[in-house]
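This report describes the fold, the cores, the enclosed spaces and some individual residues of one protein. The sequence and the structure are shown first.

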Amino acid sequence: MAVRLPLNKATQKWNRPSDWPIISDCGNNEIFLIVSDSGTGLAFSTTIASSGTYSIDWGDGTIETGRLSDTTYQHQYVIGSGTPCTEGYTTFKVRVFNASNSITAWAIKRHTFTLNTQYSPLLEAYIGATSIWNYAQMFYLNSPTVYSKTLRAVTITSFASSVTCSMMFRYCSALEYLKLPASFGNVSNFDYMFNGCSRLTSISLPTFSN
C-alpha cells in the first residue's frame, strides 16, 4: 500500500547543508548521528542482543568503549567546539559502533543535566542496524518527555526485524526528509508514527502486505 500526503511545493526537496558531516558511510550494525551544540545535552540507550556491549564516539574526541546494553549514556558539548556550519551552529558526528552482537533497539533518553523540558540536539540520523525490532519512540520519549524538534532527516536501512514504529517520529516538527527501506516487513503498529511532523509534507511509503 502506498500513502501520499499533500505536497507543499516549497518543501518538495530537502537540501542537505553541504557543511554537515557525512554519515552515509554508516556501516552494517552501526548508527550514525549528527548533533548540534545547541540544547543541554544528548542521551540515548542502545540494546545489544545477548546483553552485549558497544562503543560510542561522541564526535568531540570522547570515545567510550564497553558500553552496556539497555543503559542510558549522556554527553554535553562545549558550545562552538564542533565543525562550523553556515546555519550558525557547530556540529558533531556521533557513532554507535563496535557492537559485540546485533543492535536490536536504540532510542533517545532524558539526561540529568537539567530538570527542564528537554530537546534533543539531533539534526540527522542514519540507522545502519538491520536487526532492530523496536522502533517505538526512537526519537521521542513520552514520559518524562524528550523532543527531537531539530531532527531534519532520517535514513532507515531495514525494517526486516521490526514489529512496531509507534510514536517513532512524534513531534519531530522539523523533519523534512525520510528515506525508508523497500518493505515494512512485519511491522503492525504505526500509532502516532508521524504525529506532529508538520514539515514532512510528502512521503511515499513502501509496499507491505496486510
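Strands here are DSSP runs of E with at least two residues, helices are runs of H or I with at least four residues, and both are numbered from the N terminus. By that count the protein has 13 strands and 0 helices. The model is a predicted one. Read from the N terminus, the order of elements is β-β-β-β-β-β-β-β-β-β-β-β-β. Of the 210 residues in the protein, 50% are buried.

**Nonpolar cores**

In soluble globular proteins, nonpolar side chains tend to be buried together. In this model the largest nonpolar core contains 43 residues, and F44, W106, F139 and F169 have the most contacts inside it. At least two residues of this core come from each of β1 (31-36), β2 (42-48), β3 (53-57), β7 (90-97), β8 (103-108), β10 (122-127) and β12 (153-156). There is also a second, separate core of 11 residues, whose members include W14, W20, C26 and Y126.

F139, one of the residues with the most contacts in the largest core, also takes part in a polar contact through its backbone. The side chain of S148 reaches the backbone oxygen of F139 at 2.7 Å. S148 sits in the loop between β11 (146-147) and β12. Its relative accessible area is 0%, so S148 is buried.

**Cavity and pocket**

How many cavities of 30 Å³ or more does the structure hold? It holds 1. The largest cavity encloses about 30 Å³ of space. Its lining is made up of G41, L42, A43, I108, K109, H111, Y119, S120 and V146. By type, the lining has 5 nonpolar residues, 3 polar ones and 1 charged one.

The second largest pocket has a volume of about 160 Å³. Its lining consists of W14, R16, I22, I23, S24, E124, Y126, T155, Y177 and K179. Two elements, β10 and β13, give two or more residues to this lining. The lining residues divide into 5 nonpolar, 2 polar and 3 charged. W14 and Y126 line this pocket and also belong to the second core.

**Cysteines**

How many disulfides does the structure hold? The number is 0. C26, a member of the second core, has a relative accessibility of 11% and therefore counts as buried. C85 is buried because its relative accessibility is 10%, which is under the 20% cut-off. C197 lies in the segment after β13, and at 9% relative accessibility C197 is likewise buried.

**The segment after β13**

Where in space does the chain after β13 (177-179) run? Two of its residues give reference points. The C-alpha atom of C197 is 6.3 Å from that of L175, and the two residues are 22 apart along the chain. L200 is also placed in the segment after β13 (177-179). Between the C-alpha atoms of L200 and R152 the distance is 9.3 Å, with 48 residues of separation in sequence. L200 counts as buried because its relative accessibility is 7%.

**Backbone geometry in loops**

A cis peptide bond links S143 and P144, with omega at about -10°. P144 is located in the loop between β10 and β11.

Two residues other than glycine have a positive phi. For D70, phi is near 60°; for N98, phi is about 60°. D70 is in the loop between β4 (63-68) and β5 (73-75), while N98 is in the loop between β7 and β8. Are D70 and N98 buried or exposed? D70 has a relative accessible area of 53% and is therefore exposed. N98 is exposed as well, because its relative accessible area is 54%, over the 50% cut-off.

The table collects the relative accessibility of the residues discussed above.

| Residue | Relative accessibility | Class |
|---|---|---|
| S148 | 0% | buried |
| L200 | 7% | buried |
| C197 | 9% | buried |
| C85 | 10% | buried |
| C26 | 11% | buried |
| D70 | 53% | exposed |
| N98 | 54% | exposed |

Terms used
Residues are numbered from 1 along each chain as its sequence is written. This is a predicted model: local features need pLDDT of at least 70, side-chain atom pairs count only at pLDDT 80 or more; totals for chains, interfaces and linings use all residues. Side-chain values use heavy atoms; hydrogens and water are left out. A nonpolar core is a set of buried Ala, Val, Leu, Ile, Met, Phe, Trp, Tyr and Cys residues joined through side-chain atoms within 4.5 Å. Buried means under 20% relative accessible area, exposed over 50%, partly exposed in between (1.4 Å probe, protein chains only). On a 1 Å grid over the protein atoms alone, a cavity is a set of points where a 1.4 Å probe fits but cannot get out, and a pocket is an open set with protein on both sides within 12 Å along at least five of seven lines; lining residues have an atom within 4 Å of a point. Grid points are joined across faces, edges and corners, and a volume is the space filled by probe spheres set on the points. Ala, Val, Leu, Ile, Met, Phe, Trp, Tyr, Cys and Pro count as nonpolar, Asp, Glu, Lys and Arg as charged, and the others, Gly among them, as polar. A disulfide is a pair of cysteine sulfur atoms within 2.5 Å. A polar contact is a pair of N or O atoms within 3.5 Å; within protein, one must be able to donate a hydrogen and the other to accept it, and residues adjacent in sequence count only if both atoms are side-chain atoms.
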